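Okay, everyone, thanks for squeezing me in. Let me put the model up and then walk you through it.

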Amino acid sequence: MQRERLAFRRSRSRRSTAVALVSTLVFAAVAWFGVTSAPGWPRVRQSFFSLDAAVRALPAVLEGLWLNVRVLVVCEALILVLGVLIAALRTLRGPVWFPVRALATGYVDLFRGLPLIICLYLIGFGLPGLRLTGIPNDPVLLGGIALVLVYSAYVAEVFRAGIESVHPSQLAAARSLGLNHRRTMRIVVLPQAVRRVLPALLNDFVALQKDCGLISVLGAVDAVRAAQIASATSYNFTPYVLAGLLFVLLAVPSARLADWAARRLARRQGLA
Amino acid sequence: MTTNADVSTAASVLSVRNLVKRYAGQPVLSGIDLDVAEHEVVVLIGASGSGKSTLLRCVNLLEELDDGQVFLDGVDISDPRVDADVARRAMGVVFQAFNLFPHLSVVDNVTLAPRVVHGVSRELAEARALELLDRVGLANRARSYPDRLSGGQQQRVAIVRALAYDPRLLLFDEITSALDPELVGEVLALVRELAGQGRTILMATHEMGFARQVADRVCFLDGGVLVESGPPEQVLGDPVHERTRQFLRRIIDAGRL
Ligand SMILES: Nc1ncnc2c1ncn2[C@@H]1O[C@H](COP(=O)(O)OP(=O)(O)O)[C@@H](O)[C@H]1O
Ligand SMILES: [Mg+2]
């Protein structure tokens, strides 16, 4: 009886795998046929999908991507720290903290509204234009600053939503134990908040991954800039496609991680 | 257990004097005077919204007072120059629900205040926590997380957590109200045991039978006013005030006394 059921279940799951495989193949074939039968396809293939051009551009684009990855890691670390800090400042209560709270709110409003590209120009070209001593003019550094400024505002809001989702009784319980505001935040509120907003944080991380490519507008030789240089010398757009593909590959693990975190959260909330 | 309600301020663990609390201009507590002597169990009763929770929160300085004073062992802790975080260390509080920190294990919940606030080493704090958990029959759940415990077990852990730093005064706010009926008994049994050990307790409850058995004194609150206070036989059996009688009649009609 039990064995029969198991066997039935297994055969059913084998069948659904087969169905999925066949439908995927059919879909891919239709898409492929649709694109390749277009009148302009031979030209497009030549200038966007040239294997030769891709191979020639690969080393430079990869080296550029390595710069993107380094910028990503450093920026993300700074963004998380700054985001938590701003979110925590916005939770301070009492009139003494009004200026701090107002400053944090103003920061979030400003940098969440400002398009990233404009922020990049303002920081990248405006700051060095002041000709103050000590102001850097390294495009990577300036681009990183702009990314951190804008993304910290987003991430601060994510953290704040998490902080506000913690039940007020948890705060009362922590305070009644004699914990001060700082310890209550650090030990009781933030750990619960972070768990809840992890999917949203990972989503912002994925978005930051590709926005790291925007530092190229300041002249930093990252993957996008390397692709631009390669395509300008070869009169071929393939290097862009190559860089795009590499960015997508880079984002896939993070996206899967975000999915997993979201599923886990949904499961835990279903339990509670 | 002392049953004497007439204790002077100096000997009281807790003295509340002319406590006034308003929300948006509306008085929620209007001049409460209340004393709790050492080893005394004082039970607050009153309809929902009468101000029991607010009174307990004010005593724990979780709310700012609009007027009046709160003395703990003769010290005015409502003085704005007093550090509320320090004053709270002498009180253990259990609320109706959401007491335990869900991301910490049972033993970490219990040892948090001793370690972080009172500077006790982890080894000592854990040894003491396990001893207390053992006494309430929960030592085997020390490494569990709160969501793996029943509501009754969670409240017992919350009580243990409040005991872990030996507070002078225990404040319980309807700690059985959110529980399934079959889980109420185990929590009340623990409170009864604490009363027997001579702990000083101020608690709000709807459990009139429990109040009658365990309380040294029952205080009836109505609309933010402390209407009547006295031994349970008197307040619950032969109340002086009409408002108390009405309240008790409603409770009896609801089959809860
Ligand atoms: N944070 C608050 N803001 C405004 N009103 C409140 C707040 N907390 C309590 N109240 C009001 O104060 C009154 C007393 O509430 P509470 O102390 O919770 O009563 P009880 O615990 O006896 O049911 C109620 O009318 C309630 O609506
Ligand atoms: Mg209440």
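**Cavities, pocket and interface**

Let me begin inside the protein: the largest cavity comes out at about 80 Å³. Keep in mind that this is a predicted model. How many cavities of 30 Å³ or more are there? The count comes to two.

So who lines the largest one? On the list are L132(B), R135(B), V136(B), L163(B), L190(B), E193(B), L194(B), Q197(B) and R199(B). Two elements of chain B give two or more residues to that lining, α4 (122-135) and α6 (181-196). The largest share belongs to α6(B), with three residues. If you sort the cavity lining by class, you get five nonpolar residues, one polar and three charged.

Okay, on to the largest pocket. The space in there is about 1,400 Å³, and 44 residues line it. Which residues lie nearest its centre? Those are R93(A) and R175(A) from chain A, plus L61(B), L62(B) and R88(B) from chain B. You see both chains again when you go element by element. Chain A brings in α6 (139-164), α7 and α8, and chain B brings in α1 (52-59), β4 (67-72) and α2 (84-87), each with at least two residues of the lining. The element that gives the most is α7(A), with five residues. By class, the pocket lining has 21 nonpolar, 10 polar and 13 charged residues.

Now hold on to R175(A), as that one takes us over to the interface. Its side chain meets the side chain of D85(B) in a salt bridge, 3.1 Å from N to O. How many salt bridges does the rule find across the interface of chain A and chain B? Just one. For polar contacts between the two chains, the count is five residue pairs, with both residues at pLDDT 80 or more. On the chain A side, the elements that give two or more residues are α7 (168-176) and α8 (181-211). And here α7(A) gives the most once more, seven residues this time. The chain A side divides into nine nonpolar, seven polar and three charged residues.

What about the overall extent of this interface? Chain A puts 19 residues into the contact and chain B puts in 22. The area buried between them is about 1,800 Å², and carbon and sulfur atoms give 64% of that. Which residues of chain A lose the most area to chain B? They're Q170(A), S176(A) and L177(A), and together they make up 32% of what that side buries.

Last stop, salt bridges in general. Over all chains, the structure holds 24. One to click on is the pair D259(A) and R256(A), whose side chains meet at 3.0 Å, N to O. Where do those two sit? Both are in helix α10 of chain A, residues 238-271, and they're three residues apart, about one turn of the helix.

If you take one thing back to your desk, look at α7(A): this helix gives the most residues to the lining of the largest pocket, and also the most to the side of chain A that touches chain B. That's me done, thanks.

Terms used
Residues numbered from 1 in each chain as written. Chains lettered and ligands numbered in written order. Predicted model: local features only at pLDDT ≥ 70, side-chain atom pairs only at ≥ 80, totals over all residues. Heavy atoms only, no water. Contact = heavy atoms within 4.5 Å. Buried area = accessible area lost by both parts, 1.4 Å probe. Salt bridge = Lys/Arg side-chain N within 4 Å of Asp/Glu carboxyl O. Polar contact = N/O pair within 3.5 Å; in protein donor to acceptor, adjacent residues only side chain to side chain. Helix = DSSP H or I, 4+ residues; strand = E, 2+ residues; numbered from the N terminus. Nonpolar A, V, L, I, M, F, W, Y, C, P; charged D, E, K, R; others polar. 1 Å grid on protein atoms, 1.4 Å probe; cavity = no way out; pocket = protein on both sides within 12 Å on 5 of 7 lines; lining within 4 Å. Points joined across faces, edges and corners; volume = space filled by probe spheres on them.
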